[in-house]
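Please find below a short briefing on one protein structure. It is arranged by topic for a reader who has not met this structure before.

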Amino acid sequence: MKSRHGLEIRIPTGADLPGLSVLLAEAGQAIDPPELGRRLEALRQRGGTALIALEWGPPSGLVTLHWHQILQAARPVAQITLLLVGPGERRRGIGRLLVEAAAQAARSAGCDALELVAPPRESSLPAFGRALGFVEAGSRFARALRKRR
């Protein structure tokens, strides 16, 4: 899928893994390329997808989303669980294009709603979400199920 800004938005391939690994490391989420490949494949097999933004060179942005059925809705709900744009690439509309592509992927998967999960440390994400038409829908709590090593 090409965008009007000369960016390509698409599913990552094995050739993209080193660049994605660097992008994630810059955001404090280091994952080596082989492990990243395994996780992306698991995501795809379990009701989700990842999309990257490319202009030239390594990926400049990444969005991951998952869809699942909930009791309260007749159709699946999709959740954006990671939205990342490289520090030097921000404020250029890449995040907006990634969210639009994620929304299209969610519609194609049969979803009627798209949620944006904003981690507490991401102070700018709630305003970004509101600018894209998301509304606040309550709070979220998390709990680890395994001891950390």
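How much area does the protein expose, and what share of it do carbon and sulfur atoms supply? The exposed area is about 9800 Å², and carbon and sulfur atoms supply 53% of it (Shrake-Rupley method, 1.4 Å probe). This is a predicted model, in which local features need pLDDT of at least 70, side-chain atom pairs count only at pLDDT 80 or more, and totals for chains, interfaces and linings use all residues. Residues are numbered from 1 along each chain as its sequence is written, and side-chain values use heavy atoms, with hydrogens and water left out.

**Overall fold**
- The protein contains 4 helices and 5 strands, which are DSSP runs numbered from the N terminus (helices: H or I, at least four residues; strands: E, at least two).
- Read from the N terminus, the order of elements is β-α-α-β-β-β-α-β-α.
- Residues 24 or more positions apart make up 54% of the contacts with a separation of 6 or more, a contact being heavy atoms within 4.5 Å.

**Dimensions and burial**
- Along the principal axes, the C-alpha atoms fill a box of roughly 45 × 45 × 30 Å.
- Of the 149 residues, 37% count as buried, meaning under 20% relative accessible area with a 1.4 Å probe, protein chains only.

**Helix α1**
- Helix α1 spans residues 17–26, and its buried residues include L17, G19, L20, S21, L23 and L24.
- Among the elements that cover the buried residues of α1 are α2 (33–45), β2 (48–54), β3 (61–68) and β4 (77–85).
- After α1 comes G28, which has a positive phi near 80°.

How values were computed:
Buried means under 20% relative accessible area, exposed over 50%, partly exposed in between (1.4 Å probe, protein chains only).
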